[in-house]
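Please open the structure in your viewer and keep the selection tool at hand. The stops below indicate what to select next and what is found there.

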Amino acid sequence: TATRTSSFSPINQIQSAPYARLKGGFDKMAISNGGYCIESPSRSVSSSTLRFCLHVCGTQSSSGSYGDVYIPAGYLFFALPYFGMRNIDGKKQMSLSTKE
């Protein structure tokens, strides 16, 4: 049997801008809703992963008008590293990067 070593936070709803900017900010793609959760691999690892899911209307066509990128309508999944909460200017904020 496989053992699960990661734990997941509850799924949180995203309040985002209604559009994603494309092609240098001149074009846009509608975003209708989405959510995110935090995956923590284990207590011994200091970083976690933010996992996102957004429902998007997609780009107009696959004709190449957006260079080599075509986004179909539906769900868009992506992830970012997450290094926990830090005090930044006296406020507790989420840290997406760290300086070495």
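Begin by selecting L22, which counts as buried because its relative accessibility is 14%, under the 20% limit for that class. In this predicted model, L22 belongs to strand β3, residues 19-22. Now add V69 to the selection. Although the two positions lie 47 residues apart along the chain count, the C-alpha atoms of L22 and V69 are separated by 9.9 Å.

**The whole chain**

Next, display the entire chain as a cartoon. There are eight strands and zero helices, so the order of elements along the sequence may be written β-β-β-β-β-β-β-β under the strand and helix rules. Of the 100 residues in the chain, 23% count as buried. The chain exposes about 7800 Å², and carbon and sulfur atoms supply 53% of that area. Among contacts between residues at least 6 apart in sequence, 40% join residues at least 24 apart.

Colour the chain by pLDDT before going further. The average for the chain is 76, and 66% of the residues score at least 70. Which elements have the lowest and the highest mean pLDDT? The lowest mean, 66, belongs to strand β7 (residues 85-88), while the highest, 90, belongs to strand β2 (residues 12-13).

**The nonpolar core**

Return to L22 and extend the selection to the largest nonpolar core, of which L22 is a member. The core has eleven residues in all: I14, L22, M29, I31, I38, L50, F52, L54, V56, I71 and Y82. Strands β4 and β5 each supply at least two residues of this core. The strand that gives the most is β5, with four residues. In soluble globular proteins, nonpolar side chains tend to be buried together.

Within this group, centre the view on I38. Leaving aside neighbours within four places in sequence, I38 is in contact with S7, F8, S9, S48, T49, L50 and Y82. Two of these partners, L50 and Y82, are also listed in the core.

**E39 and S48**

Move one residue along to E39, which is found in strand β4 (residues 27-40). Is E39 buried or exposed? E39 is buried, with a relative accessible area of 14%. Show the side chains of E39 and R51: a polar contact of 2.6 Å joins them. Apart from residues up to four places away in sequence, E39 touches S6, S7, F8, S48, T49 and R51.

From that list, select S48, which lies in strand β5. S48 is likewise buried, and its relative accessible area is 12%. The side chain of S48 makes a polar contact of 3.2 Å with the side chain of S40. With residues up to four places away in sequence set aside, S48 touches I38, E39, S40, P41, L80, P81 and Y82.

**The cysteines**

Now select C37 and C53, and show their sulfur atoms. How many disulfides does the structure hold? The number is zero. A disulfide is a covalent bond between the sulfur atoms of two cysteines. For C37, the closest cysteine sulfur is that of C53, at 9.9 Å, which is too far for a bond, because a disulfide requires the two sulfur atoms to be within 2.5 Å. C37 is buried, with a relative accessible area of 12%. Select C57 as well: this cysteine counts as partly exposed, at 47% relative accessibility.

**The loop at P72**

Keep C57 selected and add P72 for the final stop. Where is P72 placed? P72 is in the loop between β5 (48-56) and β6 (74-82). At 46% relative accessibility, P72 counts as partly exposed. The C-alpha atoms of P72 and C57 are separated by 7.3 Å, and the two residues are 15 apart along the chain. Not counting residues up to four places away in sequence, P72 touches V56 and G58. Of these, V56 is one of the residues of the nonpolar core visited earlier.

Note on methods:
Residues numbered from 1 in each chain as written. Predicted model: local features only at pLDDT ≥ 70, side-chain atom pairs only at ≥ 80, totals over all residues. Heavy atoms only, no water. Buried < 20%, exposed > 50% of the residue type's maximum accessible area, 1.4 Å probe, protein only. Contact = heavy atoms within 4.5 Å. Polar contact = N/O pair within 3.5 Å; in protein donor to acceptor, adjacent residues only side chain to side chain. pLDDT = per-residue confidence, 0-100. Core = buried A, V, L, I, M, F, W, Y, C linked by side-chain atoms within 4.5 Å. Areas by Shrake-Rupley, 256 points an atom, 1.4 Å probe, with all protein chains shown as cover.
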